[in-house]
Amino acid sequence: MPDILKEMAYFYKEVFWFKELFTILQSLVVFILVRWFVSLKHRVTLLLFLSAFVGGACNFFGDLGYWNDNDTLKHIAPASLYLIIKNKDLEFNVVLFAFLSPFFILSCEFYTSIVFAIACILSHLIIILFIFIAKKNVYLFLFISIIIGILYSYIGAIAAPATNDILVNPALITLSAKGIDFYTKNNKYNLFLKYFWTVLLCFAFLGNWIFCFISDYYKEFTF
């Protein structure tokens, strides 16, 4: 159990807190850039490049073992939540797609195998089905979001790299929900996405510290 918690938190001993603060600073920079780009004329192009850069960086530092899943979410959760809250009309979906699409393509390696592709499609169809069943029930939205957040961290800790992005990819869940909204010409899933990214924001910024605390508590009371 402690080993799994350590993998979730990515312990760095004495520099754990410094690494956390530095990652939060990086997340703040991405958020500021997104807010700035949204106000510019060529915002879609700029967001595409920014998303590709962030996605590439998350993959690179993730493979090196420096960033974990919570660190990855830190870089996109604040900006994603901001874009979803700001999304008051369907036209703004293009901006959200521009920010999340390159990141999704880089993070979700479903194209490496037909088995991965099928697993990715099926798992996200099931997730969308549960969101559809929940309708506009806030408590169910929160419950589904928490389960997805736990699965994203847990699968990332126990399975092969990128497995969690194939099975429970936050960017794909968002793009799928907004794609349905765009096709049906309404914003019925926007409420869910607000709760979804709020929960993921909590996982991103509190997850490592919580896993660290649980691990210390577990060791203290395990003989």
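How many salt bridges does the count come to? In this predicted model, the answer is two. One of them pairs lysine 74 with aspartate 71, and here the closest N and O atoms sit 3.2 Å apart. Both partners belong to helix 4, where three residues, or about one turn of the helix, separate them. Neither end of this pair shows up on the surface: lysine 74 comes out at 0% relative accessibility and so counts as buried, and aspartate 71 is likewise buried at 0%.

The other bridge links lysine 178 to aspartate 181, with 3.4 Å between the closest N and O atoms. This one is found in helix 9, again with a spacing of three residues, which means about one helical turn between the partners. Lysine 178 is buried, with a relative accessibility of 0%, and aspartate 181 also gets 0% and the buried label.

Now for the nonpolar interior. The largest nonpolar core takes in 51 residues, and Val34, Leu83, Phe99, Ile131 and Trp197 are the ones with the most contacts inside it. Plenty of helices chip in: helix 2 (16-38), helix 3 (43-63), helix 4 (69-86), helix 5 (93-107), helix 6 (114-134), helix 7 (138-158), helix 9 (170-184) and helix 10 (190-220) each provide at least two residues of this core. Helix 4 gives the largest share, at eight residues. So helix 4, home to the lysine 74 and aspartate 71 pair, is also the top supplier of this core, with burial of lysine 74 resting on its 0% relative accessibility.

Phenylalanine 99 makes a handy example of the packing. Setting aside neighbours within four places in sequence, phenylalanine 99 touches Val30, Val34, Leu47, Leu50, Ser51, Ile76, Ala79, Ser80 and Leu83. Among these partners, Val34 and Leu83 also appear in the list of residues with the most contacts inside the core.

Not everything nonpolar is tucked away, though. A surface patch is built from Ile114, Val115, Phe116, Ile118, Ile121, Leu122 and Leu125, which together offer about 710 Å² of accessible area. Leucine 125, one of its members, is found in helix 6. With a relative accessible area of 53%, leucine 125 is classed as exposed, because the cut-off for that label is over 50%.

As for cysteines, the disulfide count comes to zero. Cysteine 120 is buried, at a relative accessible area of 4%, whereas cysteine 202 is partly exposed, at 42%.

Key
Residues are numbered from 1 along each chain as its sequence is written. This is a predicted model: local features need pLDDT of at least 70, side-chain atom pairs count only at pLDDT 80 or more; totals for chains, interfaces and linings use all residues. Side-chain values use heavy atoms; hydrogens and water are left out. A nonpolar core is a set of buried Ala, Val, Leu, Ile, Met, Phe, Trp, Tyr and Cys residues joined through side-chain atoms within 4.5 Å. Buried means under 20% relative accessible area, exposed over 50%, partly exposed in between (1.4 Å probe, protein chains only). Helices (H or I, at least four residues) and strands (E, at least two) are DSSP runs, numbered from the N terminus. Contact means heavy atoms within 4.5 Å. Patches are made of residues with over 30% relative accessible area and no salt bridge: like charges are joined within 9 Å, nonpolar side chains (Val, Leu, Ile, Met, Phe, Trp, Tyr) within 5 Å. Accessible areas come from the Shrake-Rupley method with a 1.4 Å probe; for residues, only the protein chains shown count as cover. A salt bridge is a side-chain nitrogen of Lys or Arg within 4 Å of a carboxyl oxygen of Asp or Glu. A disulfide is a pair of cysteine sulfur atoms within 2.5 Å.
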